[in-house]
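Biologist: Before I plan anything at the bench, I would like to go through this model with you, one question at a time. Could you show it first?

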Amino acid sequence: MKYSLFPRVDFMAYLRSLHVAYHPGRQQTEAVRRLIMHMTSESVQKRYPHLRSSWELLAYDAPATIRVELVDGTKKQFIAEHYSRKEMEEMIDSWKFDRNLEWMPELSLQKPPDVE
C-alpha cells in the first residue's frame, strides 16, 4: 500500500471560475481538450461544487485562451496553446504563492516593524 504524506492538491481547489475557449482545428490544443474533459467530469464537479466552469468552441482560427478567477477574486487570462497541463498548474501555483505573500502581512499576528 502506498501512502502519500503530502498529497498534491488539484489546482481547481483554488479557483472560483474557469473559462476555456479554443478552436478545435488548431494545432497544440490537446492540453486544452484534456483540461475541458477534466473540468466537466462528474468527479470534479462533485469535488468542487463552488467552481464555475465553462468552455466554448471558437468558429474562427484563434489561439486557445483560459480565463481564471482565483478564490480571492484575482482574475487572470493567458494563451494556453503552448503549455502542458502541468505547466498551467505551475503557473496557477505561482499566482497563488504571490497572492499568499500579499495576504500574509495583512493578517499576521506579529506587529509590523514600524509600529511601536
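Biologist: What does the secondary structure of the protein come to, and in what order do the elements run from the N terminus on?

Modeller: This is a predicted model, and the secondary structure of the protein comes to three helices and four strands. Read from the N terminus on, these elements run in the order β-α-α-β-β-β-α.

Biologist: In which element is confidence lowest, and in which is it highest?

Modeller: For the protein as a whole, the mean pLDDT is 80, and 78% of the residues reach 70 or more. Broken down by element, confidence is highest in strand 2, at a mean of 93, whereas it is lowest, at a mean of 73, in helix 3.

Biologist: Which strands stand at the edges of the sheet, and why is one side of each left without a neighbour?

Modeller: The four strands make an open sheet in the order 2-1-3-4, and their pairing is mixed. Each strand at the edge has a single partner strand, so one side of it has no neighbour in the sheet, and the two strands in that position are strand 2 (52-57) and strand 4 (75-79).

Biologist: In which sense do strand 1 and strand 3 pair, and over how many bridges?

Modeller: As general background, strands of a sheet pair through backbone hydrogen bonds, and the pairing may be parallel or antiparallel. In this pair, Ala-21 has Thr-65 of strand 3 as its bridge partner. The sense of the pairing between strand 1 and strand 3 is antiparallel, and the number of bridges is six.

Biologist: Which residue of strand 4 stands opposite Ile-66?

Modeller: Strand 3 (residues 65-70) pairs with strand 4 in the antiparallel sense, over five bridges. Along this pair, Thr-65 stands opposite Ile-79, and Val-68 has Lys-76 as its bridge partner. For Ile-66, the residue that stands opposite in strand 4 is Phe-78.

Biologist: Which residue in the turn of the hairpin formed by strand 3 and strand 4 has a positive phi?

Modeller: Four residues lie between the two strands of this hairpin. The positive phi in the turn, about 100°, belongs to Gly-73.

Biologist: Is Thr-74 buried or exposed?

Modeller: Thr-74 lies in the loop between strand 3 and strand 4, where its side chain is joined to that of Asp-72 by a polar contact of 3.0 Å. Leaving aside residues up to four places away in sequence, Thr-74 touches Val-68, Glu-69 and Arg-99. Its relative accessibility is 15%, and because the cut-off for burial is under 20%, Thr-74 counts as buried.

Biologist: What is the phi of Gln-28, and how accessible is this residue?

Modeller: Gln-28 has its place in the loop between strand 1 and helix 1, and its phi is near 60°, a positive value in a residue other than glycine. As for accessibility, Gln-28 is partly exposed, and its relative accessible area is 49%.

Biologist: How far apart in space are Ile-36 and Ser-54?

Modeller: Ile-36 is found in helix 1, and at 7% relative accessibility it counts as buried. Not counting residues up to four places away in sequence, Ile-36 touches Val-20, Tyr-22 and Trp-55. Ile-36 and Ser-54 are 18 residues apart in sequence, and their separation in space, C-alpha to C-alpha, is 8.4 Å.

Biologist: Which element gives the largest share of the largest nonpolar core?

Modeller: In soluble globular proteins, nonpolar side chains tend to be buried together. Here the largest nonpolar core has 24 residues, and those with the most contacts inside it are Met-12, Leu-15, Leu-18, Ile-66 and Val-68. Two or more residues each are given to this core by strand 1, helix 1, strand 3 and helix 3 (85-107). The largest share, five residues, comes from helix 1.

Biologist: Which residue of the core touched by Ile-66 would you name from helix 3, and what else does Ile-66 touch?Modeller: I would set the core aside here and keep to contacts, not counting residues up to four places away in sequence. On that basis Ile-66 touches Leu-18, His-19, Val-20, Leu-35, Lys-76, Gln-77, Phe-78, Ala-80 and Met-88.

Biologist: What percentage of the residues in the protein is buried?

Modeller: The protein has 116 residues, and residues count as buried under 20% relative accessible area. By that cut-off, the buried residues make up 32%.

Key. Residues numbered from 1 in each chain as written. Heavy atoms only, no water. Pairing = 2+ DSSP bridges. Core = buried A, V, L, I, M, F, W, Y, C linked by side-chain atoms within 4.5 Å. Buried < 20%, exposed > 50% of the residue type's maximum accessible area, 1.4 Å probe, protein only. Contact = heavy atoms within 4.5 Å. Polar contact = N/O pair within 3.5 Å; in protein donor to acceptor, adjacent residues only side chain to side chain. pLDDT = per-residue confidence, 0-100.
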